[in-house]
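Here are some notes to read alongside the model, written as one colleague to another. Please keep the structure open as you go through the points.

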Amino acid sequence: MKTQTHPKSADILAALGLKDINPGSCSGPNGWSAIEPAKAFVSTNPATEQEIASISPASSSDMKTAIDIATGTFHTWRMVPAPKRGELVGRIGELLAENKDALGALLALETGKSIVEGKGEIGEMVDMAKFAVGQSRMLYGYTMQAQRNEHRMYDQWLPLGVVGIITAYNFPAAPWAWNALVAAVCGNTIVWKPSPKVALPAIAIQHLCNKAMTELGYEGVFSLVIPADESISEELVRDKRVSLVSFTGSSKIGRRVSKIIAEDLGRRHLLECSGNNGCILDETAELDLSIAAITFGALGTTGQRCTSTRRLIVHKSRTKEVVERLKKAYAKVKLGDPFVPGNLIGPLIDKQAVADFEKAVAEAKALGGEVLYGGKVMPGPGYYVEPTIIMAKNDWPCVQHETFAPILYIIEYETFDEALELHNSVPQGLASGIQSTDIRHIEAFLSARGSDCGIAKVNMGTTGADIGAAFGGEKETGGGRASGSESWKAYMRRQSVAINWGDETPWRLHLQD
């Protein structure tokens with residue numbers, strides 16, 4: 001049952017320096033843009049449908065100013081030694097840690113995710129800052145053996161320019177950190193365009209960035225622009241001074257970003273788009289472990305993760321037992337106010353998300369799908385739906401499409417080769433998993449003929465990202481990578497260097513008399 005507990009939003013806002021109406025742009029020494037109350041749009045708590053605060057949207061002029069300042073700042077920031085750039089990022093990490101509880105509460109308030117998940121996302125940002133600080137001393141190149149006498153060759157990595165970061169509503173903070181903090185230690189300046197659905201955390205984080213930049217004397221490295229008009233958002237993608245655009249969102253918009261960037265040779269994009277994540281459960285899976293992993297993978301963040309488990313591909317011999325155990329696990333999951341301890345599932349983000357849930361369930365039923373659990377919209381207030389399990393076929397359009405909701409499709413298989421084919425037979429390629437104790441199945445899943453996704457998990461849920469690993473996927477997921485591993489190289493330009501340190505050159509022969 002849902003509770004009607006309402007968080008004290010005014011206290012949360014005050015703790016982070018937020019007001020009833022907040023400016024929608026901040027860049028450089030002049031700071032925040034002017035507030036126009038008549039144009040402000042409202043941020044709503046999806047758990048209560050009550051207003052949290054308003055945002056005065058950024059204008060086209062604000063976007064231009066932010067890019068102007070980022071471009072100018074880049075010329076000085078790129079010459080700051082990388083470890084010094086790391087000091088700024090480290091200070092931002094400290095401020096995030098100091099404000100973790102308030103920021104986590106704000107995320108829960110505006111996204112509807114549980115307070116534990118909200119704090120966890122901020123904790124991930126803190127970890128990312130630590131990672132980026134370490135990376136600032138490890139922007140390594142390679143020395144190569146020259147074929148000429150008394151020559152030296154090496155690769156070096158140099159700052160790229162202005163990096164535009166566009167983030168989605170489901171994770172309004174951590175993906176910015178994956179990109180911005182690494183890009184900054186690489187010598188780039190940042191312009192952030194968050195989702196207007198969940199923009200208050202971005203404003204709070206910008207306040208902290210401003211504090212760090214002022215303390216260390218590096219104004220203009222981090223900027224924020226929150227337009228209500230998508231045409232203004234597109235200006236960030238179209239501006240030729242923006243060297244790289246990192247986009248998180250739907251594959252539909254990702255295609256548009258890719259098309260625009262492709263018009264200018266030399267500009268880059270990182271795309272982290274739709275996922276439709278499958279998990280194979282074979283005859284040997286250890287069900288106590290598997291059911292727990294699958295339940296949270298499907299229901300965490302109310303199924304609004306790009307890595308959420310959407311398709312469970314089960315060996316026919318285990319379907320009945322798996323379904324019964326999943327139903328029992330789902331029945332134990334608490335649904336309701338994100339601020340009530342123990343509640344795992346909150347609301348969807350808005351009315352459109354609820355409509356998308358209803359559409360997917362109706363389409364599956366029309367095609368012959370059996371709703372094994374849930375399937376209904378819950379009465380308000382709040383955008384709540386029931387966690388849902390549906391017996392389905394992999395080729396149905398509703399299964400092939402990513403629906404951001406707590407829907408888990410059960411798909412049966414007979415042979416492991418069939419399981420792999422079903423797993424890979426979707427347009428998306430982000431996260432994947434296998435529940436098995438058969439080493440042959442596990443190794444096949446991880447081989448070249450196995451999972452075609454950017455992320456593979458064994459005896460784990462498909463959700464959850466370790467900052468030390470690169471995050472991203474293949475196919476319609478876009479091919480981009482952020483966070484750890486060698487993802488830092490995407491934010492830099494590579495230069496091959498050759499040095500003649502001797503007295504001879506082969507070209508002198510052609511100049512002799």
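1. Trp178 is a good place to begin: in this predicted model, its relative accessibility is 10%, so it counts as buried. Its ring forms an aromatic pair with Phe471, with the centres 4.6 Å apart. The planes stand at 45 degrees, and the pair is classed as tilted. Phe471 is buried too, with a relative accessible area of 6%. Do look at where the partners sit: Trp178 is in helix H6 and Phe471 in strand E20 (residues 470–471), so you may want to trace the chain between them, given that they are 293 residues apart and the pair links distant parts of the chain.

2. The search of the whole structure gives 7 aromatic pairs. Another one that deserves a look is Tyr169 with Phe404, an edge-to-face pair with 6.2 Å from centre to centre and 80 degrees between the planes. This pair also links distant parts of the chain, its members being 235 residues apart. Tyr169 belongs to the loop between strand E7 (162–166) and H6, while Phe404 belongs to the loop between helix H13 (397–400) and strand E16 (407–413). With relative accessible area at 15%, Tyr169 is buried, and Phe404, at 19%, is buried as well, because the cut-off is under 20%.

3. Two further aromatic features could go in the same figure. Trp176, Trp192 and Phe222 make up one aromatic cluster. Lys113 is placed over the face of Phe171, at 3.7 Å from the ring centre.

4. Now for the cavities. How many of 30 Å³ or more does the search of the whole structure find? There are 4, and the largest has a volume of about 80 Å³. It is lined by 13 residues, of which Asn179, Ser246, Thr248, Glu272 and Ala482 are the closest to its centre. Helix H6 (174–185), strand E10 (242–248) and strand E11 (268–272) each contribute at least two residues to this lining. Sorted by class, the lining holds 6 nonpolar, 5 polar and 2 charged residues.

5. On cysteines, the disulfide count is 0. For Cys273, the nearest cysteine sulfur is that of Cys306, 9.8 Å away. Why is this no disulfide? The two sulfur atoms would have to lie within 2.5 Å, so a separation of 9.8 Å does not qualify. Cys273 counts as buried at 2% relative accessibility, and Cys306 counts as buried at 13%.

6. Finally, some backbone details to check by eye. Most residues other than glycine have a negative phi, and most peptide bonds are trans. Gly380 and Pro381 are joined by a cis peptide bond, with omega at about 5 degrees; Pro381 is in the loop between strand E14 (370–373) and strand E15 (388–391). Thr301, although not a glycine, has a positive phi of about 55 degrees. Thr301 lies in the loop between helix H10 (287–299) and strand E13 (309–315), and counts as buried at 4% relative accessibility. Ser483 is likewise not a glycine and has a positive phi of about 75 degrees. You will find Ser483 in strand E22 (residues 482–483), where its relative accessibility of 4% makes it buried.

Note on methods: Residues numbered from 1 in each chain as written. Predicted model: local features only at pLDDT ≥ 70, side-chain atom pairs only at ≥ 80, totals over all residues. Heavy atoms only, no water. 1 Å grid on protein atoms, 1.4 Å probe; cavity = no way out; pocket = protein on both sides within 12 Å on 5 of 7 lines; lining within 4 Å. Points joined across faces, edges and corners; volume = space filled by probe spheres on them. Helix = DSSP H or I, 4+ residues; strand = E, 2+ residues; numbered from the N terminus. Nonpolar A, V, L, I, M, F, W, Y, C, P; charged D, E, K, R; others polar. Buried < 20%, exposed > 50% of the residue type's maximum accessible area, 1.4 Å probe, protein only. Phe/Tyr/Trp six-rings, centres within 6.5 Å; stacked < 30°, edge-to-face > 60°. Lys NZ or Arg CZ within 6 Å of the ring centre and 35° of its normal.
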